[in-house]
Amino acid sequence: MTDEDDYRERADEVYQALLARVGEGAPERRLDATRRAVELLGDPQRAYPIIHVTGTNGKTSTSRIAESLLRAYGLRTGLLTSPHLVRFNERIVIDGEPIGDEALVRNWEDISPYLEIVDAELEEAGKPPLTFFEALTALAYAAFADAPVDVAVIEVGMGGEWDSTNVGDGQVAVFTPIALDHTKALGDTVEEIARTKSGIVKPSADVVSSRQTPEADRVLREAAELTESTFAEQPGDFDVASTRVAVGGQLVTIRGRAATYEDVFLPLYGDHQAQNAAVAVAAVETFLGRGAQPLKADLVEEGFATATSPGRLQLIGIEPSILVDAAHNPAGAETLADALRTYFGFDEITFVVGILNDKDARGVIRALAPVATQFFVTRPDSERAREAEDFGDLVREEVGDEATIVYSDAVDALEAAREWAAEEPRRAVVVAGSIVLVGQAMAYADQQEWKQAAS
(Lines give C-alpha, C1' and ligand atoms only; values in the text may rest on other atoms or scores of the structure.)
Protein backbone atom coordinates (compact mmCIF):
# COMPACT_ATOMS: atom_id res chain seq x y z
CA MET A 1 0.00 0.00 0.00
CA THR A 2 1.33 3.44 -0.95
CA ASP A 3 1.36 6.36 1.50
CA GLU A 4 -1.39 7.91 -0.60
CA ASP A 5 -3.59 4.81 -0.24
CA ASP A 6 -2.83 4.66 3.47
CA TYR A 7 -3.92 8.26 4.01
CA ARG A 8 -7.03 7.70 1.88
CA GLU A 9 -7.99 4.78 4.12
CA ARG A 10 -7.26 6.76 7.28
CA ALA A 11 -9.22 9.78 5.96
CA ASP A 12 -12.21 7.50 5.42
CA GLU A 13 -11.77 6.32 9.01
CA VAL A 14 -11.98 9.96 10.16
CA TYR A 15 -15.35 10.23 8.44
CA GLN A 16 -16.51 6.98 10.06
CA ALA A 17 -15.44 8.32 13.46
CA LEU A 18 -17.54 11.44 12.86
CA LEU A 19 -20.50 9.35 11.68
CA ALA A 20 -20.41 7.48 14.99
CA ARG A 21 -21.52 10.73 16.62
CA VAL A 22 -25.09 12.10 16.63
CA GLY A 23 -25.91 13.04 13.05
CA GLU A 24 -26.63 16.35 11.37
CA GLY A 25 -30.37 15.73 11.29
CA ALA A 26 -30.54 16.17 15.07
CA PRO A 27 -28.41 19.21 15.96
CA GLU A 28 -27.98 20.25 19.57
CA ARG A 29 -29.27 23.77 20.27
CA ARG A 30 -26.12 24.88 22.02
CA LEU A 31 -22.86 26.70 21.44
CA ASP A 32 -21.12 25.97 24.72
CA ALA A 33 -19.90 22.51 23.68
CA THR A 34 -18.26 23.72 20.46
CA ARG A 35 -16.97 26.80 22.26
CA ARG A 36 -15.28 24.60 24.85
CA ALA A 37 -13.71 22.46 22.12
CA VAL A 38 -12.20 25.39 20.22
CA GLU A 39 -11.11 26.99 23.48
CA LEU A 40 -9.04 23.87 24.27
CA LEU A 41 -7.63 24.07 20.73
CA GLY A 42 -6.47 27.67 21.29
CA ASP A 43 -9.41 29.33 19.50
CA PRO A 44 -8.25 28.64 15.92
CA GLN A 45 -11.34 30.45 14.58
CA ARG A 46 -9.76 33.74 15.73
CA ALA A 47 -6.66 33.25 13.58
CA TYR A 48 -8.30 34.68 10.45
CA PRO A 49 -11.25 36.89 9.48
CA ILE A 50 -14.55 35.18 8.66
CA ILE A 51 -17.33 35.77 6.15
CA HIS A 52 -20.31 33.92 7.65
CA VAL A 53 -23.11 32.82 5.29
CA THR A 54 -26.63 31.69 6.16
CA GLY A 55 -30.03 31.52 4.45
CA THR A 56 -32.40 28.85 3.17
CA ASN A 57 -31.37 28.48 -0.48
CA GLY A 58 -28.22 29.55 -2.29
CA LYS A 59 -25.86 29.43 0.71
CA THR A 60 -23.37 27.02 -0.83
CA SER A 61 -23.24 28.66 -4.27
CA THR A 62 -22.91 32.14 -2.76
CA SER A 63 -20.13 30.91 -0.47
CA ARG A 64 -18.28 29.26 -3.35
CA ILE A 65 -18.50 32.34 -5.61
CA ALA A 66 -17.32 34.63 -2.80
CA GLU A 67 -14.41 32.28 -2.06
CA SER A 68 -13.47 32.24 -5.75
CA LEU A 69 -13.45 36.05 -5.86
CA LEU A 70 -11.24 36.24 -2.77
CA ARG A 71 -8.84 33.73 -4.30
CA ALA A 72 -8.66 35.83 -7.47
CA TYR A 73 -7.35 38.60 -5.20
CA GLY A 74 -4.46 36.36 -4.21
CA LEU A 75 -5.82 35.53 -0.77
CA ARG A 76 -5.37 32.03 0.66
CA THR A 77 -8.89 30.93 1.47
CA GLY A 78 -10.72 28.46 3.65
CA LEU A 79 -14.23 27.33 2.75
CA LEU A 80 -16.60 25.25 4.89
CA THR A 81 -19.75 23.96 3.21
CA SER A 82 -22.25 21.19 3.95
CA PRO A 83 -23.18 18.56 3.10
CA HIS A 84 -20.67 16.85 0.84
CA LEU A 85 -21.73 15.17 -2.40
CA VAL A 86 -19.23 12.35 -2.91
CA ARG A 87 -16.38 12.54 -0.36
CA PHE A 88 -16.26 14.12 3.08
CA ASN A 89 -13.09 16.11 2.20
CA GLU A 90 -15.25 18.36 -0.04
CA ARG A 91 -16.61 20.12 3.03
CA ILE A 92 -13.27 21.62 4.06
CA VAL A 93 -11.70 23.47 1.13
CA ILE A 94 -8.31 25.17 1.36
CA ASP A 95 -7.18 27.50 -1.41
CA GLY A 96 -9.78 26.13 -3.81
CA GLU A 97 -9.08 22.42 -3.24
CA PRO A 98 -10.75 19.90 -0.91
CA ILE A 99 -8.50 19.22 2.05
CA GLY A 100 -5.95 16.50 1.28
CA ASP A 101 -6.23 13.15 3.01
CA GLU A 102 -2.93 13.64 4.84
CA ALA A 103 -3.88 17.09 6.16
CA LEU A 104 -7.31 15.81 7.18
CA VAL A 105 -5.82 12.88 9.11
CA ARG A 106 -3.12 15.01 10.73
CA ASN A 107 -5.57 17.66 11.90
CA TRP A 108 -8.01 15.05 13.17
CA GLU A 109 -5.28 13.33 15.17
CA ASP A 110 -4.28 16.71 16.61
CA ILE A 111 -7.77 17.62 17.81
CA SER A 112 -9.16 14.19 18.82
CA PRO A 113 -7.71 14.18 22.38
CA TYR A 114 -9.33 17.55 23.05
CA LEU A 115 -12.69 16.40 21.66
CA GLU A 116 -12.50 13.43 24.01
CA ILE A 117 -11.93 15.80 26.94
CA VAL A 118 -15.06 17.76 25.98
CA ASP A 119 -17.05 14.53 25.52
CA ALA A 120 -16.04 13.44 29.05
CA GLU A 121 -16.98 16.83 30.51
CA LEU A 122 -20.35 16.75 28.78
CA GLU A 123 -21.03 13.20 29.94
CA GLU A 124 -20.18 14.16 33.51
CA ALA A 125 -22.67 17.01 33.26
CA GLY A 126 -25.34 14.62 31.93
CA LYS A 127 -25.29 16.14 28.44
CA PRO A 128 -24.88 14.48 25.02
CA PRO A 129 -21.31 14.29 23.62
CA LEU A 130 -20.19 16.47 20.71
CA THR A 131 -22.29 15.84 17.61
CA PHE A 132 -21.03 15.14 14.09
CA PHE A 133 -21.35 18.79 13.10
CA GLU A 134 -19.86 20.17 16.31
CA ALA A 135 -16.77 17.99 15.83
CA LEU A 136 -16.63 18.85 12.12
CA THR A 137 -16.72 22.58 12.95
CA ALA A 138 -13.80 22.25 15.36
CA LEU A 139 -11.90 20.23 12.74
CA ALA A 140 -12.50 22.82 10.00
CA TYR A 141 -11.52 25.81 12.13
CA ALA A 142 -8.36 23.98 13.22
CA ALA A 143 -7.50 22.96 9.65
CA PHE A 144 -7.86 26.56 8.42
CA ALA A 145 -5.56 27.82 11.17
CA ASP A 146 -3.06 25.08 10.35
CA ALA A 147 -3.05 25.84 6.61
CA PRO A 148 -2.94 28.84 7.37
CA VAL A 149 -5.62 30.83 5.52
CA ASP A 150 -6.00 34.60 5.07
CA VAL A 151 -9.81 34.47 5.23
CA ALA A 152 -12.45 31.79 5.75
CA VAL A 153 -15.90 31.66 4.16
CA ILE A 154 -18.08 29.67 6.56
CA GLU A 155 -21.47 28.30 5.59
CA VAL A 156 -23.86 27.74 8.49
CA GLY A 157 -24.97 24.14 8.96
CA MET A 158 -28.51 24.89 10.15
CA GLY A 159 -30.07 28.13 11.33
CA GLY A 160 -27.48 30.45 12.81
CA GLU A 161 -27.84 31.46 16.45
CA TRP A 162 -27.02 28.04 17.94
CA ASP A 163 -25.27 26.55 14.90
CA SER A 164 -21.81 25.39 15.96
CA THR A 165 -20.11 27.53 13.28
CA ASN A 166 -21.32 30.56 15.25
CA VAL A 167 -18.40 30.23 17.68
CA GLY A 168 -16.59 32.14 14.93
CA ASP A 169 -17.27 35.87 14.64
CA GLY A 170 -18.04 36.92 11.09
CA GLN A 171 -16.80 40.36 10.13
CA VAL A 172 -19.33 40.07 7.32
CA ALA A 173 -22.66 38.31 7.95
CA VAL A 174 -24.29 37.24 4.67
CA PHE A 175 -27.95 36.25 4.22
CA THR A 176 -29.24 34.46 1.15
CA PRO A 177 -33.05 34.23 0.69
CA ILE A 178 -34.84 32.98 3.81
CA ALA A 179 -37.82 30.64 3.33
CA LEU A 180 -39.47 27.70 5.10
CA ASP A 181 -37.16 24.71 5.66
CA HIS A 182 -36.09 22.64 8.67
CA THR A 183 -39.28 23.90 10.32
CA LYS A 184 -39.09 21.38 13.18
CA ALA A 185 -35.74 22.80 14.25
CA LEU A 186 -36.05 26.45 13.21
CA GLY A 187 -39.72 27.42 13.47
CA ASP A 188 -42.94 27.38 11.46
CA THR A 189 -42.79 30.92 10.06
CA VAL A 190 -40.31 32.84 7.95
CA GLU A 191 -40.05 35.36 10.79
CA GLU A 192 -39.05 32.69 13.34
CA ILE A 193 -36.51 31.19 10.95
CA ALA A 194 -35.07 34.62 10.17
CA ARG A 195 -34.71 35.32 13.89
CA THR A 196 -32.67 32.15 14.39
CA LYS A 197 -30.52 32.90 11.36
CA SER A 198 -29.99 36.51 12.45
CA GLY A 199 -27.96 35.16 15.39
CA ILE A 200 -24.82 35.19 13.22
CA VAL A 201 -24.77 39.02 13.30
CA LYS A 202 -22.05 40.02 15.77
CA PRO A 203 -21.33 43.46 17.28
CA SER A 204 -20.16 46.04 14.73
CA ALA A 205 -20.30 43.57 11.85
CA ASP A 206 -21.26 44.33 8.25
CA VAL A 207 -24.49 42.68 7.10
CA VAL A 208 -25.12 41.84 3.44
CA SER A 209 -28.51 40.44 2.50
CA SER A 210 -30.23 39.28 -0.65
CA ARG A 211 -33.79 40.41 -1.31
CA GLN A 212 -35.98 39.13 1.55
CA THR A 213 -39.66 38.93 2.42
CA PRO A 214 -40.89 41.86 4.54
CA GLU A 215 -40.94 39.62 7.66
CA ALA A 216 -37.35 38.44 7.22
CA ASP A 217 -36.16 41.91 6.24
CA ARG A 218 -37.58 43.42 9.43
CA VAL A 219 -35.85 40.80 11.61
CA LEU A 220 -32.47 41.25 9.91
CA ARG A 221 -32.63 45.03 10.15
CA GLU A 222 -33.44 44.77 13.86
CA ALA A 223 -30.43 42.48 14.37
CA ALA A 224 -28.15 44.93 12.56
CA GLU A 225 -29.49 47.85 14.61
CA LEU A 226 -29.11 46.02 17.95
CA THR A 227 -25.49 45.07 17.17
CA GLU A 228 -24.62 48.47 15.66
CA SER A 229 -23.80 46.75 12.37
CA THR A 230 -24.01 48.19 8.87
CA PHE A 231 -26.75 46.83 6.60
CA ALA A 232 -26.65 46.46 2.80
CA GLU A 233 -29.53 44.77 1.01
CA GLN A 234 -30.62 43.90 -2.49
CA PRO A 235 -32.01 45.63 -4.50
CA GLY A 236 -31.36 49.04 -2.93
CA ASP A 237 -27.62 48.68 -2.32
CA PHE A 238 -26.73 46.14 -5.02
CA ASP A 239 -28.54 44.02 -7.61
CA VAL A 240 -28.41 42.00 -10.80
CA ALA A 241 -28.70 44.61 -13.55
CA SER A 242 -29.07 42.05 -16.35
CA THR A 243 -28.37 38.48 -17.33
CA ARG A 244 -28.52 36.66 -20.63
CA VAL A 245 -27.99 33.06 -21.62
CA ALA A 246 -24.53 32.17 -22.95
CA VAL A 247 -22.89 28.92 -23.97
CA GLY A 248 -21.94 27.13 -20.77
CA GLY A 249 -23.61 29.62 -18.45
CA GLN A 250 -24.62 33.29 -18.63
CA LEU A 251 -23.36 36.84 -19.04
CA VAL A 252 -24.26 38.92 -16.02
CA THR A 253 -24.08 42.61 -15.24
CA ILE A 254 -24.00 43.25 -11.52
CA ARG A 255 -24.51 46.59 -9.83
CA GLY A 256 -22.33 46.20 -6.78
CA ARG A 257 -22.13 48.44 -3.74
CA ALA A 258 -19.14 50.31 -5.16
CA ALA A 259 -19.25 49.77 -8.94
CA THR A 260 -21.06 48.06 -11.80
CA TYR A 261 -19.42 44.99 -13.35
CA GLU A 262 -20.65 44.55 -16.91
CA ASP A 263 -21.13 41.40 -19.01
CA VAL A 264 -19.09 39.07 -16.83
CA PHE A 265 -19.25 35.39 -17.81
CA LEU A 266 -20.57 33.14 -15.04
CA PRO A 267 -20.25 29.41 -15.83
CA LEU A 268 -23.37 28.53 -13.83
CA TYR A 269 -26.95 28.13 -15.06
CA GLY A 270 -30.03 29.87 -13.72
CA ASP A 271 -31.13 33.38 -12.80
CA HIS A 272 -30.76 32.32 -9.15
CA GLN A 273 -27.01 31.90 -9.73
CA ALA A 274 -26.82 35.48 -11.01
CA GLN A 275 -28.56 36.50 -7.76
CA ASN A 276 -26.07 34.44 -5.74
CA ALA A 277 -23.21 36.08 -7.64
CA ALA A 278 -24.57 39.55 -6.84
CA VAL A 279 -24.68 38.73 -3.11
CA ALA A 280 -21.16 37.28 -3.31
CA VAL A 281 -19.84 40.42 -5.03
CA ALA A 282 -21.45 42.64 -2.38
CA ALA A 283 -20.01 40.45 0.39
CA VAL A 284 -16.49 40.64 -1.05
CA GLU A 285 -16.77 44.41 -1.68
CA THR A 286 -17.84 44.72 1.95
CA PHE A 287 -15.01 42.53 3.24
CA LEU A 288 -12.24 44.18 1.21
CA GLY A 289 -13.34 47.81 1.31
CA ARG A 290 -16.45 48.18 3.52
CA GLY A 291 -18.52 48.49 0.34
CA ALA A 292 -16.85 51.71 -0.77
CA GLN A 293 -14.02 50.37 -2.93
CA PRO A 294 -14.73 48.87 -6.38
CA LEU A 295 -13.38 45.42 -7.13
CA LYS A 296 -10.95 45.13 -10.03
CA ALA A 297 -12.88 44.16 -13.15
CA ASP A 298 -10.32 41.60 -14.33
CA LEU A 299 -10.34 39.91 -10.92
CA VAL A 300 -14.14 39.73 -10.91
CA GLU A 301 -13.91 38.06 -14.33
CA GLU A 302 -11.31 35.63 -13.02
CA GLY A 303 -13.27 34.92 -9.85
CA PHE A 304 -16.46 34.21 -11.75
CA ALA A 305 -14.72 32.14 -14.42
CA THR A 306 -13.25 29.78 -11.82
CA ALA A 307 -16.41 29.55 -9.70
CA THR A 308 -18.00 26.13 -9.48
CA SER A 309 -21.10 24.90 -7.72
CA PRO A 310 -21.10 21.10 -7.76
CA GLY A 311 -24.51 19.51 -7.65
CA ARG A 312 -26.27 22.71 -8.70
CA LEU A 313 -27.67 22.30 -12.24
CA GLN A 314 -24.53 20.35 -13.05
CA LEU A 315 -24.25 18.26 -16.20
CA ILE A 316 -23.01 14.77 -15.24
CA GLY A 317 -23.85 12.92 -18.46
CA ILE A 318 -24.09 13.63 -22.18
CA GLU A 319 -25.83 11.77 -24.99
CA PRO A 320 -28.29 11.75 -23.29
CA SER A 321 -28.14 14.81 -21.04
CA ILE A 322 -28.17 13.99 -17.32
CA LEU A 323 -28.28 16.89 -14.87
CA VAL A 324 -28.26 16.98 -11.09
CA ASP A 325 -29.58 19.71 -8.84
CA ALA A 326 -29.57 19.80 -5.05
CA ALA A 327 -33.10 21.29 -4.84
CA HIS A 328 -34.66 19.70 -1.76
CA ASN A 329 -37.36 22.16 -0.70
CA PRO A 330 -40.19 23.89 -2.62
CA ALA A 331 -38.32 27.19 -3.10
CA GLY A 332 -35.29 25.37 -4.51
CA ALA A 333 -37.50 23.23 -6.74
CA GLU A 334 -39.28 26.30 -8.16
CA THR A 335 -35.90 27.86 -8.92
CA LEU A 336 -34.80 24.65 -10.67
CA ALA A 337 -37.98 24.55 -12.78
CA ASP A 338 -37.52 28.18 -13.82
CA ALA A 339 -33.89 27.57 -14.81
CA LEU A 340 -34.82 24.50 -16.88
CA ARG A 341 -37.36 26.61 -18.79
CA THR A 342 -34.96 29.49 -19.41
CA TYR A 343 -31.56 27.89 -19.97
CA PHE A 344 -32.35 24.59 -21.67
CA GLY A 345 -34.38 23.56 -24.70
CA PHE A 346 -35.43 20.03 -23.74
CA ASP A 347 -38.69 18.66 -25.13
CA GLU A 348 -39.18 16.14 -22.33
CA ILE A 349 -37.67 15.75 -18.85
CA THR A 350 -37.76 12.79 -16.50
CA PHE A 351 -36.97 13.59 -12.88
CA VAL A 352 -35.28 10.98 -10.74
CA VAL A 353 -36.39 12.00 -7.26
CA GLY A 354 -35.82 10.86 -3.70
CA ILE A 355 -36.35 12.84 -0.52
CA LEU A 356 -35.62 12.86 3.20
CA ASN A 357 -38.39 12.46 5.77
CA ASP A 358 -38.22 16.00 7.14
CA LYS A 359 -38.73 17.70 3.77
CA ASP A 360 -41.89 19.13 2.16
CA ALA A 361 -42.12 16.36 -0.45
CA ARG A 362 -45.46 17.47 -1.87
CA GLY A 363 -44.26 21.04 -2.27
CA VAL A 364 -41.16 19.85 -4.18
CA ILE A 365 -43.22 17.69 -6.58
CA ARG A 366 -45.76 20.46 -7.19
CA ALA A 367 -42.95 22.85 -8.10
CA LEU A 368 -41.32 20.40 -10.53
CA ALA A 369 -44.51 18.95 -12.09
CA PRO A 370 -45.09 21.74 -14.67
CA VAL A 371 -41.77 20.92 -16.40
CA ALA A 372 -41.84 17.15 -15.84
CA THR A 373 -42.81 14.46 -18.30
CA GLN A 374 -42.63 11.83 -15.58
CA PHE A 375 -41.05 11.02 -12.22
CA PHE A 376 -38.85 8.03 -11.43
CA VAL A 377 -39.21 7.80 -7.65
CA THR A 378 -36.52 6.16 -5.53
CA ARG A 379 -34.91 6.18 -2.10
CA PRO A 380 -31.66 8.05 -1.31
CA ASP A 381 -29.03 6.12 0.64
CA SER A 382 -29.76 7.75 4.00
CA GLU A 383 -31.33 6.53 7.23
CA ARG A 384 -33.45 9.70 7.10
CA ALA A 385 -34.79 8.92 3.61
CA ARG A 386 -38.45 8.45 2.83
CA GLU A 387 -39.24 4.98 1.53
CA ALA A 388 -39.67 4.82 -2.25
CA GLU A 389 -43.17 3.28 -2.22
CA ASP A 390 -44.44 5.79 0.32
CA PHE A 391 -43.00 8.71 -1.66
CA GLY A 392 -44.36 7.13 -4.84
CA ASP A 393 -47.90 7.19 -3.43
CA LEU A 394 -47.57 10.92 -2.81
CA VAL A 395 -46.19 11.55 -6.32
CA ARG A 396 -49.08 9.54 -7.85
CA GLU A 397 -51.55 11.77 -6.01
CA GLU A 398 -49.93 14.81 -7.63
CA VAL A 399 -49.19 13.67 -11.20
CA GLY A 400 -51.07 10.38 -11.72
CA ASP A 401 -50.14 6.71 -12.08
CA GLU A 402 -48.78 6.89 -15.62
CA ALA A 403 -46.24 9.60 -14.81
CA THR A 404 -44.99 7.84 -11.65
CA ILE A 405 -42.56 4.94 -11.77
CA VAL A 406 -41.09 3.62 -8.51
CA TYR A 407 -37.66 2.00 -8.14
CA SER A 408 -36.47 0.82 -4.75
CA ASP A 409 -32.85 1.04 -5.92
CA ALA A 410 -31.45 4.43 -6.97
CA VAL A 411 -29.05 2.95 -9.56
CA ASP A 412 -31.95 1.12 -11.24
CA ALA A 413 -33.87 4.41 -11.40
CA LEU A 414 -30.88 6.23 -12.92
CA GLU A 415 -30.27 3.53 -15.54
CA ALA A 416 -33.95 3.35 -16.51
CA ALA A 417 -34.20 7.13 -16.81
CA ARG A 418 -31.05 7.30 -18.91
CA GLU A 419 -32.37 4.54 -21.19
CA TRP A 420 -35.64 6.47 -21.64
CA ALA A 421 -33.80 9.71 -22.44
CA ALA A 422 -31.60 8.00 -25.04
CA GLU A 423 -34.67 7.07 -27.10
CA GLU A 424 -35.26 10.65 -28.36
CA PRO A 425 -32.77 13.46 -29.12
CA ARG A 426 -34.24 16.26 -26.97
CA ARG A 427 -34.91 14.33 -23.79
CA ALA A 428 -33.10 14.82 -20.48
CA VAL A 429 -32.88 13.38 -16.98
CA VAL A 430 -32.72 15.62 -13.91
CA VAL A 431 -31.87 14.16 -10.49
CA ALA A 432 -33.27 16.21 -7.60
CA GLY A 433 -35.04 16.18 -4.24
CA SER A 434 -32.13 15.09 -2.08
CA ILE A 435 -28.49 16.14 -1.83
CA VAL A 436 -27.67 12.55 -0.85
CA LEU A 437 -29.29 11.26 -4.05
CA VAL A 438 -27.45 13.89 -6.12
CA GLY A 439 -24.16 12.70 -4.62
CA GLN A 440 -25.01 9.09 -5.43
CA ALA A 441 -25.82 10.03 -9.02
CA MET A 442 -22.58 12.01 -9.42
CA ALA A 443 -20.48 9.12 -8.13
CA TYR A 444 -22.27 6.59 -10.35
CA ALA A 445 -22.05 8.79 -13.45
CA ASP A 446 -18.33 9.23 -12.87
CA GLN A 447 -17.87 5.48 -12.45
CA GLN A 448 -19.86 4.77 -15.63
CA GLU A 449 -18.13 7.64 -17.53
CA TRP A 450 -21.41 9.23 -18.58
CA LYS A 451 -19.58 12.45 -19.46
CA GLN A 452 -17.85 10.58 -22.33
CA ALA A 453 -19.86 11.06 -25.51
CA ALA A 454 -21.56 7.91 -26.72
CA SER A 455 -19.81 6.51 -29.76
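Here is a walk through this structure, from its overall build down to a few individual residues.

Keep in mind from the start that this is a predicted model. Let's begin with the big picture. The protein has 455 residues, and a compact globule of that length would have a radius of gyration near 23 Å; the value here is 22 Å, which agrees. If you lay a box along the principal axes, the C-alpha atoms fill roughly 60 × 50 × 50 Å. Inside that box you'll find 15 helices and 17 strands.

How much of the protein is buried? Buried residues make up 55% of the 455. The chain also folds back on itself: among contacts with a separation of 6 or more, 72% are between residues 24 or more positions apart. As for the outside, the protein exposes about 18800 Å², and carbon and sulfur atoms supply 45% of that area.

Now for charge. Negative side chains number 78 and positive ones 41. The centres of these two sets lie 4 Å apart. Some of these charges pair up, and the structure holds 34 salt bridges.

A handy one to start with sits in helix α1, which covers residues 3-19. There, Asp 6 forms a salt bridge with Arg 10, and their closest N and O atoms are 3.4 Å apart. The two residues are four positions apart, about one turn of the helix. How accessible are they? Asp 6 is partly exposed, with a relative accessible area of 26%, and Arg 10 is also partly exposed, at 26%.

Helix α8 (214-226) is worth a longer stop. Asp 217 and Arg 221 meet there in a salt bridge, with 3.1 Å from N to O. Because these two are four residues apart in helix α8, about one helical turn separates them. Their surroundings are not alike: Asp 217 has a relative accessible area of 17%, so it is buried, whereas Arg 221 counts as partly exposed at 41%.

The same stretch offers another kind of pairing. Arg 218 forms a salt bridge with Glu 191, with the closest N and O atoms 3.9 Å apart. This pair links distant parts of the chain, since Arg 218 belongs to helix α8 while Glu 191 belongs to helix α7 (residues 190-197), 27 residues apart. Arg 218 is partly exposed, with a relative accessible area of 40%, and Glu 191 is partly exposed too, at 28%.

Next, some details of the backbone. Just past helix α8, in the loop leading to β8, is Glu 228. Its phi is near 55°, a positive value in a residue other than glycine. Is Glu 228 buried or exposed? It is exposed, with a relative accessible area of 67%. Asp 43 has a positive phi as well, near 50°, and it isn't a glycine either. You'll find Asp 43 in the loop between α2 (32-40) and β1 (50-54).

Carry on along the chain from Glu 228 and you come to Pro 235, in the loop between β8 (230-233) and β9 (239-246). What kind of peptide bond joins Gln 234 and Pro 235? It's a cis bond, with omega about 5°. Further on, a cis peptide bond also joins Glu 319 and Pro 320, again with omega about 5°. Pro 320 is found in a loop between two strands, β12 (314-317) and β13 (321-324).

Our last stop is Val 371, in the loop between α12 (361-368) and β15 (374-377). Although it lies in a loop, Val 371 is buried, with a relative accessible area of 15%. Which residues does it touch, leaving out those up to four places away in sequence? Val 371 touches Ala 337, Leu 340, Arg 341, Ile 349 and Phe 351. For a sense of distance in this area, compare Val 371 with Asp 347: they are 24 residues apart along the chain, and their C-alpha atoms are separated by 9.5 Å.

Terms used
Residues are numbered from 1 along each chain as its sequence is written. This is a predicted model: local features need pLDDT of at least 70, side-chain atom pairs count only at pLDDT 80 or more; totals for chains, interfaces and linings use all residues. Side-chain values use heavy atoms; hydrogens and water are left out. The radius of gyration is taken over C-alpha atoms; the globule rule is 2.2 Å times the number of residues to the power 0.38. Buried means under 20% relative accessible area, exposed over 50%, partly exposed in between (1.4 Å probe, protein chains only). Contact means heavy atoms within 4.5 Å. Accessible areas come from the Shrake-Rupley method with a 1.4 Å probe; for residues, only the protein chains shown count as cover. Lys and Arg count as positive and Asp and Glu as negative; His and the chain ends are not counted. The place of a charge is taken as NZ of Lys, CZ of Arg, CG of Asp or CD of Glu. A salt bridge is a side-chain nitrogen of Lys or Arg within 4 Å of a carboxyl oxygen of Asp or Glu.
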